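Let's take a walk through the helix packing and the cysteines of this chain. Keep the viewer open as you read.

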Amino acid sequence: MTQNDNEWLNDYKTFLSSNQDHVPIDLNTKLFVKMEKLINPPAWIVFLKIMAIHLVTGFLSLSVCHQFGLNPFNTEKSLSDWFMNVGGHHFCMLGCGILFVAVSIFAAGLFLTLEEVKSLKRTEFLQNLALGLISLGFFAAFGAELALGFGSLWLLGGLIGGFFATSLTWKIRLYN
């Protein structure tokens, strides 16, 4: 046996020979409540973290894909130009929605704990839908003209991108 094994064995023997005092109930309850929050974080806390990351990544993604005519960096070329050339306006709305939400969810997955990613996975439809609807609301607040059909395609793309990014993030975090 090594020195560490002997030390561990001595600690274990000391633990077994202790007088086995009971932990006070209030301390035990506080511990379990804290552990429950760490193991199962509330979905709204996870969503707030995702929203904070989404504000940054969403703004940055507008530099490569001008969505609904918003171009905060006044760049000439955009990924939306390529989307328009490949599949027209409908494909552009779908592609931009996928990109906008997927980048944010994937980036958030890099900062969230495994338990928070698990919480996101449990509520992914609600989280992705809320993220997409809030994003559309911000677009409208900043002057984007939204049509129901194109906004719906963008939202569908956002849901597809969110589901894809959530699954990819879950698999990456689970196996690392």
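Axes here are lines fitted to C-alpha atoms, for helices over the stretch in contact, and angles run from 0 to 180 degrees between N-to-C directions. Please bear in mind that this is a predicted model.

## How the helices pack

With that convention in hand, start with α3 and helix α5 (residues 114-122), whose axes come within 9 Å and cross at roughly 100°. Angles of 65 to 115 degrees count as roughly perpendicular, so α3 is roughly perpendicular to α5. On the α3 side the meeting residues are Ala43, Val46, Lys49 and Ile50, and on the α5 side they are Glu116, Ser119 and Leu120. Sorted by class, the residues of this α3 and α5 contact are four nonpolar, one polar and two charged.

Next, look at helix α4 (residues 79-111) and helix α6 (residues 124-141): their axes come within 11 Å, and the crossing is at roughly 120°. That makes α4 oblique to α6. The crossing of this pair is right-handed. From α4, the contact uses Phe100, Val101 and Ile105, while α6 brings Asn128, Leu131, Ser135 and Phe139. The class split for α4 with α6 is five nonpolar, two polar and no charged residues.

The third pair is α4 with helix α7 (residues 148-174), packed at an angle of about 30° with axes 6 Å apart. The crossing of α4 and α7 is again right-handed. In this contact there are 18 nonpolar, 10 polar and one charged residues.

Here are the three pairs side by side.

| Helix pair | Axis separation | Angle | Residue classes in contact |
|---|---|---|---|
| α3 and α5 | within 9 Å | roughly 100° | four nonpolar, one polar, two charged |
| α4 and α6 | within 11 Å | roughly 120° | five nonpolar, two polar, no charged |
| α4 and α7 | 6 Å | about 30° | 18 nonpolar, 10 polar, one charged |

## Residues at the α4 and α6 contact

Two residues of this contact, one from each helix, deserve a visit of their own. Ile105 sits in helix α4 and is buried, with a relative accessible area of 1%. Asn128 belongs to helix α6, and at 1% relative accessibility Asn128 is buried too. How far apart are Ile105 and Asn128 in space, C-alpha to C-alpha? The separation is 8.5 Å, for residues that are 23 apart in sequence.

If neighbours up to four places away in sequence are left out, Ile105 touches Ile50, Leu120, Asn128, Leu131, Gly162, Ala165, Thr166 and Thr169. On the same basis, Asn128 touches Val101, Ile105, Leu159, Gly162, Phe163 and Thr166. Gly162 and Thr166 therefore appear in the contacts of Ile105 and in those of Asn128.

His54 is worth selecting as well. His54 lies in helix α3 and counts as buried at 4% relative accessibility. Beyond its neighbours within four places in sequence, His54 is in contact with Phe59, Phe100, Ser104, Leu131 and Ser135. Among these, Phe100, Leu131 and Ser135 also take part in the contact of α4 with α6.

## The cysteines

Now turn to the sulfur atoms. A disulfide is a covalent bond between the sulfur atoms of two cysteines. How many disulfides are there? The count comes to one: Cys65 is joined to Cys96, with an S to S distance of 2.5 Å. Cys65 lies in the loop between α3 (43-61) and α4, and Cys96 lies in helix α4, so the bond ties together parts that are 31 residues apart in sequence. Cys65 and Cys96 are both buried.

Why is Cys92 not bonded to Cys96? The closest cysteine sulfur to that of Cys92 is the one in Cys96, and at 4.0 Å it is too far for a bond, given a cut-off of 2.5 Å. Cys92 is also buried, with a relative accessible area of 3%.

Ser80 links these cysteines in one contact list. Ser80 is in helix α4 and is buried at 8% relative accessibility. Setting aside neighbours within four places in sequence, Ser80 is in contact with Val64, Cys65, His66, Cys92 and Cys96. For a sense of distance, the C-alpha atoms of Ser80 and Ile134 are separated by 21 Å, with their positions 54 residues apart along the chain.

Note on methods. Residues numbered from 1 in each chain as written. Predicted model: local features only at pLDDT ≥ 70, side-chain atom pairs only at ≥ 80, totals over all residues. Heavy atoms only, no water. Parallel < 35°, antiparallel > 145°, perpendicular 65-115°, else oblique. Left-handed = near helix turned anticlockwise from the far one by under 90°. Contact = heavy atoms within 4.5 Å. Nonpolar A, V, L, I, M, F, W, Y, C, P; charged D, E, K, R; others polar. Buried < 20%, exposed > 50% of the residue type's maximum accessible area, 1.4 Å probe, protein only.
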